[in-house]
Each structure stands twice: as structure tokens, then as C-alpha cells.
2 protein chains.
Amino acid sequence: MSHVLDEAISVVPVADGVVRATTHPAYANMVGPFGGVTAATVVQAIASRPDVLGEPLAFTINYAAPIADGQWDLHLAIVRTNRTNQHWLFRIVQNAATVSTGTAVFGLHRPTWSSTEAQPPVVPPAADVEPVDFPEFIAWAANYDMRFVVGGLADGASEDSTSTMWIRDLPERPLDYPALASIADSFYPRIFLRHGTFTPAGTISLTTYFHATPDELAAHGTDHLLATARAARFGNGHFDQDGTLWSMPDDGEPVLLATTHQLVYFKDPQ
Amino acid sequence: MSHVLDEAISVVPVADGVVRATTHPAYANMVGPFGGVTAATVVQAIASRPDVLGEPLAFTINYAAPIADGQWDLHLAIVRTNRTNQHWLFRIVQNAATVSTGTAVFGLHRPTWSSTEAQPPVVPPAADVEPVDFPEFIAWAANYDMRFVVGGLADGASEDSTSTMWIRDLPERPLDYPALASIADSFYPRIFLRHGTFTPAGTISLTTYFHATPDELAAHGTDHLLATARAARFGNGHFDQDGTLWSMPDDGEPVLLATTHQLVYFKDPQ
């Protein structure tokens with residue numbers, strides 16, 4: 001039996017360079033589908049191409065308009081293939097209108113000098129943190145086991161927009177690039193946390209850098225990721241968010257799997 | 001007399017949705033032109049369009065191949081115009097090949113609740129820090145007054161990839177969005193700092209979020225910006241970089257003008 005994420009991100013070819021996806025009710029959000037699963041669908045569609053070079057390195061998706069329930073078409077184009085990397089351009093089209101655009105850089109992982117300067121937050125183990133349930137109108141959240149160390153959705157207004165959580169797919173699923181792309185968008189809007197209330201907000205542009213190698217993803221398996229995100233500035237109708245996603249092996253060094261950034265539109269709470 | 005930055009980013013229309021730029025020797029880099037001035041050219045070209053909505057909010061440019069000295073064509077397309085924002089897709093074409101792609105979101109600034117959580121680094125005033133000269137083969141750097149508080153190019157190998165500097169255009173020029181887009185790419189590669197030496201490295205993908213309003217840019221004027229950047233993870237041929245650009249008025253609160261992120265390709269030093 002396939003995992004619900006695999007069902008949600010599956011596509012069928014419809015033309016040269018065009019594949020068709022269908023929104024999955026399990027990943028519905030307040031308006032349109034959860035952006036993370038849209039991103040995951042694009043990453044998976046590119047990774048599945050026979051002419052792809054390597055793995056995802058940098059990925060940007062712009063959410064220009066909500067996707068309506070139903071089918072949508074992903075137009076993929078290889079812009080340039082270099083010796084070690086490959087540049088992609090994509091559009092998501094629904095009812096003859098472009099609802100999303102973006103770019104992806106895929107490439108090879110080559111052994112080089114390495115160093116991780118970022119530090120994961122200091123947290124209790126996932127087993128010691130209670131999973132939380134999101135309200136039913138945030139359907140997609142039911143596909144994640146989310147355990148907030150700080151900045152949970154029900155914690156009330158906070159002076160600090162940081163959320164830190166343990167997260168993994170529910171049911172468990174071995175981590176891969178599409179799943180990581182989706183989890184990169186799994187932080188609820190930071191404006192909710194600052195005000196302790198819901199207010200209209202939506203991601204405009206999301207960029208994720210994939211640091212993880214295939215071996216690191218395989219080593220991670222189905223464990224919880226440690227994920228933390230914070231806004232730098234809110235104002236004039238927008239805020240940004242920076243996040244880091246970590247693998248935290250019991251018997252080794254933390255591995256920074258991805259860094260992720262977004263710009264979000266918001267309205268003031270009423 | 002026009003400023004050299006204005007000369008470098010100027011374009012002429014050549015077809016519907018296509019403008020032509022010409023590389024400027026003053027902004028040459030080791031291989032091709034300085035990426036910051038390429039980004040600034042795109043921001044300026046979009047901002048100059050009569051059908052533009054608002055100001056730049058989110059901007060991503062992918063450097064797929066070096067731009068050769070000479071002319072290049074910028075293909076601009078409005079993908080969608082919403083009530084408060086507008087999505088752009090662009091390609092840079094030279095000698096019939098795409099050398100760069102990207103997306104931009106422009107939009108309106110609306111008065112809302114505001115809060116800045118990020119903090120600028122604590123530094124001495126610009127007047128108390130010595131400007132540095134870059135080597136001649138990094139021509140573009142001569143167009144900036146850069147004063148490193150930490151992480152200067154000649155400081156030798158460091159365990160920490162942070163550079164913090166005061167920076168402004170040289171000669172002085174009132175700050176605007178194109179200038180800010182260029183300064184967002186003005187941090188030399190973090191790998192140089194970690195090893196205390198030059199090594200092949202180049203930005204693959206750059207994303208900048210513009211937080212500044214037009215009024216904040218006008219208030220900043222020709223002062224130095226406070227700019228700081230750091231890598232999170234180096235490895236497998238790539239590293240990322242996160243930066244913040246601040247206006248530091250003598251008589252007011254710091255203003256976070258922009259946050260900027262990039263993924264960079266590198267080879268090990270020999």
C-alpha cells in the first residue's frame with residue numbers, strides 16, 4: 001500500500017515536458033492545497049525525469065494564486081545542463097492560468113572539505129515531547145507527527161516567532177527529497193504565533209537549499225527531524241521566515257539536512 | 001553625470017518584453033560580471049516597466065553559466081498580477097543560450113502591525129573602521145566602500161564564516177532597490193574566509209527578500225549599510241550563505257532593509 005504522500009505527489013505525463021497532478025484531500029489547507037505538498041510534487045516530478053542530473057540543491061517556488069481542488073499541470077523545462085549541475089524552470093497551470101512558478105537547481109554531490117557552522121537548538125528527545133493535533137480545517141497537518149518544543153500553535157501570543165518541533169510523516173515514511181521539500185513548508189505562519197491567533201496569511205515565495213546527500217537521507221530513515229524556524233522582520237503586509245531541518249542521530253553528529261526561507265503575505269488580525 | 005552603477009544596469013528595449021544590457025568593465029568579476037550587478041539590472045528593468053505593480057519583495061536569480069563580456073538580453077514576463085502583488089519570470093539569454101533564470105515578486109507595501117526580531121551585530125561606527133582594497137582581479141569591489149568589522153578578505157583562515165562590514169556605493173549614491181539587490185551579493189565567497197585563500201567558487205542561486213519601504217530607502221540615503229553574512233553548512237561541493245542588510249540611523253532604530261540567501265558552488269583549495 002502506498003503512503004499518502006506518494007499518492008498526493010504522483011503525476012501522469014500529458015505532453016512533452018508536461019505532467020498532470022491532482023490535489024489530494026489529505027493535504028488540503030485553509031485555501032487550496034498545502035504548499036509543501038505542491039513543492040514536493042515538483043521536486044518528485046523533476047527527480048523522476050530520465051534526463052535529470054543529480055539531486056535537488058536549490059529550489060524556489062512562487063505561489064502566485066491558490067490552486068483549486070482538482071487537476072493541475074506542471075510544465076517543466078531544462079534550461080541548461082552543466083557538467084555538475086542542471087537548471088530547471090517550471091510553471092503550474094490550472095484552467096489556462098499560471099498559478100505558480102519556480103526554478104530548481106539539481107546537481108551532483110562531490111566529496112569536498114566540509115563543515116557545519118549552524119547549531120541545532122537544544123531540545124528534549126522526541127519521545128519526551130507530546131504530539132499535537134491541529135484544527136480540522138488544517139487537514140494536511142494530520143499527515144505529520146509534530147511535537148513542539150517551543151512555539152506551538154496553541155501556546156498563545158509570543159514575543160518571539162520561533163517554533164522548534166520534532167516532525168515526521170504520519171504514518172512513518174523513509175525521508176527523501178520530496179518529503180524534505182514538504183516539511184520545509186510545514187511551519188505554520190509565524191504571524192499566528194506572534195499574535196496567538198489565526199489571521200489571513202500565505203506564502204508568496206519559498207526557497208529551500210538541500211544540503212543532505214542521498215546517503216544522509218537513507219541514514220535518517222523514518223526518524224523525527226528537528227525543525228526550527230523564525231521570522232526576521234514583520235511589516236507592511238509581509239514577513240520572512242528562516243528555517244533549518246536537522247537529522248539528530250542518537251549515535252552521531254547532527255546533520256543539517258536543509259535550510260529554508262520564505263516570504264509570507266499577511267493581514268492584521270481583526 | 002550618471003553614477004557608474006546606473007551606467008552598468010541601464011538597458012535598451014529590443015523587442016516586446018525583451019531589453020538589452022551590456023556588461024560594464026567596472027563591475028567585472030573573476031569569471032564574468034559581478035552577479036550583484038546582474039541582479040540589480042533585472043530589478044531595475046522590472047521596476048522601470050510601466051505595467052509594474054509596487055516594489056520588489058522577493059527576488060531569485062539562478063546563475064546557470066557565466067555571462068560573457070558584451071551584450072545580453074533579458075526576457076521578462078508578467079506571469080500574474082494580483083490585487084497587491086505581481087509575479088515575474090525572467091531569463092537572461094546570450095548567444096542564443098540561457099545563462100540565467102529567475103523569478104521576482106513585486107507588490108504593494110500596506111501599513112500593518114510590524115516587528116523586527118533580528119538584531120544587527122554590535123559594531124563600531126563606519127568612521128572608525130578602515131576601508132579595504134580588494135585585489136585588482138575583483139574589479140567590481142572598487143565600486144564599493146567596504147569596511148570589515150570581522151571576516152575581511154585579508155584576515156586569514158577563520159573557524160567562523162561570518163563577515164560583517166559597513167558598505168556603500170563608491171562614489172556615494174542614494175540607496176534604491178537595484179543598489180540593494182547588488183549589495184546583497186557583495187559578500188565574497190565564505191569558503192575563502194574559512195580557508196584564508198582563494199579557490200574556485202560561484203553563486204548558483206541567490207534569493208533576496210526586500211523588507212525596505214521606499215520611505216526607508218529614502219531615509220537611508222547615501223549612508224553605509226551594515227551587512228553581515230554567514231554560511232550554515234559547507235560540504236559536497238556547495239555551501240549556503242545567509243545575510244542581513246541594515247540601515248543604522250544615528251538617531252533611530254536599526255531598519256532591516258533586506259535578508260538574502262544563496263547557494264554557492266566551490267572546489268577545494270589546492
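Colleague: Why is strand β9 of chain A described as largely enclosed by the rest of the structure?

Modeller: This is a predicted model. In strand β9 (residues 163–169) of chain A, seven of the seven residues are buried, so the strand is largely enclosed by the rest of the structure. A residue is called buried here if 20 or more other C-beta atoms lie within 10 Å of its own.

Colleague: Which strands does β9(A) pair with?

Modeller: Strand β8 (residues 144–150) of chain A runs antiparallel to β9(A) and is joined to it by six bridges. In that pair, A:W166 of β9(A) faces A:R147. Strand β11 (residues 225–230) of chain A is also antiparallel to β9(A), with five bridges between them. There, A:I167 stands opposite A:L225.

Colleague: Now β14(A). How many of its residues are buried?

Modeller: Strand β14 spans residues 255–266 of chain A, and 12 of its 12 residues are buried. Strand β10 (residues 201–210) of chain A pairs with β14(A) in the antiparallel sense over nine bridges, and A:T203 stands opposite A:V264. Strand β13 (residues 238–247) of chain A pairs with β14(A) over 10 bridges, again antiparallel. Here A:T244 is set opposite A:T259.

Colleague: Which residues touch the most other members of the largest nonpolar core?

Modeller: That core has 150 residues, and those touching the most other members are A:L180, A:L245, A:L257, B:L180, B:L245 and B:L257. Take B:L180 as a case: leaving out residues up to four places away in sequence, B:L180 touches B:L175, B:F210, B:A212, B:L245, B:L257 and B:A258.

Colleague: How should I read the contact between the chains, and how many residues take part?

Modeller: The size of an interface is often given as the accessible area lost when the parts come together. For this model I can offer residue counts: 55 residues of chain A are in contact with 55 residues of chain B. On the side of chain A that touches chain B, 18 residues are nonpolar, 27 polar and 10 charged.

Colleague: Which strands pair across the two chains?

Modeller: Strand β12 (residues 233–235) of chain A and strand β7 (residues 115–116) of chain B pair in the antiparallel sense over two bridges. A:F234 stands opposite B:S115 in that pairing.

Colleague: What turn and shift lay chain A on chain B?

Modeller: Two copies of a chain are related by a rotation about an axis and a shift along it. In this case a turn of 180° and a shift of 0.0 Å along the axis lay chain A on chain B with an RMSD of 0.0 Å. That is the relation of a two-fold axis. The same surface serves both copies, as 100% of the contact residues of chain A recur in chain B.

Terms used. Residues are numbered from 1 along each chain as its sequence is written. Chains are lettered from A and ligands numbered from 1 in the order in which they are written. This is a predicted model: local features need pLDDT of at least 70, side-chain atom pairs count only at pLDDT 80 or more; totals for chains, interfaces and linings use all residues. Helices (H or I, at least four residues) and strands (E, at least two) are DSSP runs, numbered from the N terminus. Two strands pair if DSSP finds at least two bridges between them. Two residues are in contact if their C-beta atoms, placed from the backbone, lie within 7 Å. Ala, Val, Leu, Ile, Met, Phe, Trp, Tyr, Cys and Pro count as nonpolar, Asp, Glu, Lys and Arg as charged, and the others, Gly among them, as polar. Copies are superposed by least squares on the C-alpha atoms of residues with pLDDT of at least 70 in both. A nonpolar core is a set of buried Ala, Val, Leu, Ile, Met, Phe, Trp, Tyr and Cys residues joined through C-beta atoms within 7 Å.
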